[in-house]
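Thank you for making room for this on the agenda. Please have the sequence and the model open while I talk, since I will move back and forth between them.

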Amino acid sequence: MPITLRQLCATEQFGLRVLAGHDQLDRTLTWAHVSELPDPTPFLDGGELLLVTGVSLPMTAAGTTRFVRTLVGVGIAGIGFGTGLGYEEVPQALVDAATRFNVPLLDVPLRTPFIALTKTVSRAQSEDDMKALRNNYQSVRRLLQAAVTVNGTRAVVRRVAELIGGWAALLDSAGHTVEISHTAAAAGIERTTAAAGIERTAPERDARPMEVSFVTSENEDVISHPLTTSRGKLMGYLVAGCPGAVGSLNQGIVIAAASLLTLMTARTRDAQLTMNHLRTVAMHQLFEGQNTLARNISGELWGGFPVEPFQVFHVAGPVGLLESVSVSLLDGLSRDLAFGITDGALIAVVSATDSGRILARVKGIDVTVGVSDMLWWDDLSRARRQAAQAAAEASARNLPSMRFAELSESGLSAFLDQDRSTAFAAAHLRPLLEAKGGSDLYRTLAMWLAHNGVGDTAATALNIHRHTLRSRLARIESLLQLDLSSPTERAELWLEYRLLGDAPTI
């Protein structure tokens with residue numbers, strides 16, 4: 001749990017002294033915020049410990065009362081007043097106001113820096129977040145383990161109830177109960193309680209069958225989550241309830257279980273599309289550098305995971321053929337791979353030792369394949385760009401496949417680090433783009449470069465007078481601090497336009 005004011009005050013090294021709001025110390029802190037503004041409320045969300053030294057504290061008792069009333073209005077958890085700087089003691093007017101509104105007021109001695117309190121609160125929140133992340137991860141793993149048992153559907157429903165500390169039920173698309181957890185009785189929950197929860201959510205399901213509904217009544221949270229395919233076909237509902245404090249139901253577990261049950265209740269094309277979506281999500285995580293999650297669930301998604309060095313395949317083609325490639329990869333010669341369909345292409349990371357055999361299998365399908373060099377995880381993004389460039393060149397040459405190493409005839413730009421080069425080009429041309437009339441200047445320079453610096457033809461293409469063109473070119477030279485008569489600088493400018501993708505093709 002996040003730290004409370006009482007726990008913070010119990011930390012002996014801080015030497016905090018409670019002056020007001022003694023019965024409100026069990027509130028959890030969302031943050032410890034330092035502010036000397038006369039009105040810090042625009043920067044508060046509620047639940048903070050506001051740390052002040054009194055620099056902007058109103059001079060009158062009435063003003064101090066208004067100050068505290070305003071803080072209470074935004075849900076402040078407490079006020080920490082630093083003594084030993086502007087004030088040797090906490091002003092009595094502040095103590096009186098805090099007492100009146102029953103808001104905790106702490107005396108923070110000079111030896112305790114505000115940053116120490118902020119770090120303590122932040123550390124507690126981070127630890128709580130990490131604990132929740134670990135718990136959710138373990139919950140997902142347990143759901144997956146339940147799914148592969150003999151009666152996976154029933155096991156998943158029971159596991160959901162166990163994990164949320166309540167009950168769960170699987171309904172068909174008409175709202176009839178297919179499976180209901182038996183762990184409800186073990187948790188002290190009568191089966192009729194589950195039936196009542198299902199009934200309470202029925203009106204919401206009838207009114208909005210494709211939407212998640214959430215009902216809180218009789219000290220119980222109940223969620224109804226539709227099971228839908230990627231094409232919008234409704235297959236049923238997962239309904240779950242958790243008695244106790246409002247908001248205690250772990251919705252993440254229900255959402256994860258609903259996704260899993262969607263796969264299990266439809267052994268059809270729609271279920272395969274959903275699995276493809278999960279693979280795509282995992283591939284996005286992989287390319288964002290978060291390969292731990294993809295690695296942990298790789299067995300369920302692909303049957304294995306690639307090892308270094310690897311190659312990236314970029315497979316382009318109609319969606320139906322990409323799905324055929326997916327089936328071929330799952331039924332292929334290796335499990336040392338990971339793949340997903342994203343941005344209109346199938347991206348696969350394949351262990352280099354098996355890339356030749358898998359490429360031969362994919363070539364039997366009417367798609368275009370680009371293959372990167374052999375690289376390591378640190379170069380995963382570069383490998384993806386290489387594969388995409390190779391696939392684009394293969395398509396342009398009407399070839400079934402191409403390796404990035406074969407791109408030497410495609411020009412220098414194919415070998416540049418695209419991210420760094422594009423960032424440099426954007427920074428170099430920023431003064432031009434941000435200037436008044438920058439878009440006209442940008443287009444003028446591009447057209448002039450495209451016409452090899454021939455003013456008359458460029459002016460004609462731009463539909464402007466040649467004197468106007470000369471004036472614009474002079475301003476461009478001034479803004480970019482360069483000489484357009486230099487062939488080197490003209491060549492670099494043209495390459496920058498090509499990298500940014502805004503240069504006209506003449």
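I will go through the strands, then a cavity, and then some of the helices.

Before anything else, please keep in mind that this is a predicted model, and that what I report was computed from it.

Let me begin with strand β3, residues 48-52, where five of the five residues are buried, so that the strand is largely enclosed by the rest of the structure. If you look at its two faces, you will find both of them covered, with E48, L50 and V52 on one side and L49 and L51 on the other. On one flank, β3 is joined by four bridges to strand β2, residues 31-34, and these two run parallel; within that pairing A32 stands opposite L49. Four bridges also join β3 to β4, again in the parallel sense, and here V52 of β3 is the residue that stands opposite F81 in β4. The connection between β3 and β4 passes through helix α2, residues 61-73, and the three elements together make a right-handed β-α-β unit.

Continuing from β4, which covers residues 78-82, we come to strand β5, joined to β4 by four bridges in a parallel arrangement, with V108 of β5 as the bridge partner of G82. Helix α3, residues 92-101, combines with β4 and β5 in a right-handed β-α-β unit. In what sense do β1 and β5 pair? Strand β1, residues 17-20, pairs with β5 over three bridges in the antiparallel sense, and V18 has L106 as its bridge partner in β5. As for the side chains of β5, residues 105-108, L105 and D107 point one way while L106 and V108 point the other way, and all of these are buried.

Now to the empty space. Rolling a probe the size of a water molecule over the atoms shows where such space is left. The count comes to two cavities of 30 Å³ or more, and the largest cavity holds about 50 Å³ of space. Which residues line the largest cavity? The lining consists of S35, E36, L37, V52, G54, S56, L57 and F67, and by class it divides into four nonpolar residues, three polar and one charged. V52, one of these lining residues, is the β3 residue that I placed opposite F81 a moment ago.

That leaves the helices. Helix α5, residues 152-164, has 13 residues and reaches 18 Å from its first C-alpha to its last, close to the 18 Å expected at 1.5 Å a residue. Its buried residues are G152, T153, A155, V156, V157, V160, A161 and I164, and the helix is followed by G165, whose phi is positive, near 70°.

Helix α14, residues 380-396, has 17 residues and spans 25 Å from first to last C-alpha, close to the 24 Å expected. Among its buried residues are L380, A383, A387, A390, A391 and A394, and the list also includes R385 and Q386. After α14 comes N398, and the phi of N398 is positive, near 60°.

My last residue is R361, which lies in helix α13, residues 355-362. Is R361 buried, partly exposed or exposed? R361 has a relative accessible area of 33%, and because that value falls between the cut-offs of 20% and 50%, it counts as partly exposed. R361 and S328 are 33 residues apart in sequence, and their C-alpha atoms are 7.4 Å apart in space.

How values were computed:
Residues are numbered from 1 along each chain as its sequence is written. This is a predicted model: local features need pLDDT of at least 70, side-chain atom pairs count only at pLDDT 80 or more; totals for chains, interfaces and linings use all residues. Side-chain values use heavy atoms; hydrogens and water are left out. On a 1 Å grid over the protein atoms alone, a cavity is a set of points where a 1.4 Å probe fits but cannot get out, and a pocket is an open set with protein on both sides within 12 Å along at least five of seven lines; lining residues have an atom within 4 Å of a point. Grid points are joined across faces, edges and corners, and a volume is the space filled by probe spheres set on the points. Ala, Val, Leu, Ile, Met, Phe, Trp, Tyr, Cys and Pro count as nonpolar, Asp, Glu, Lys and Arg as charged, and the others, Gly among them, as polar. Buried means under 20% relative accessible area, exposed over 50%, partly exposed in between (1.4 Å probe, protein chains only). Two strands pair if DSSP finds at least two bridges between them. A crossover is right-handed if, with the strands pointing away from the viewer, the path from the first strand over the helix to the second runs clockwise. The expected span of a helix is 1.5 Å times one less than its number of residues.
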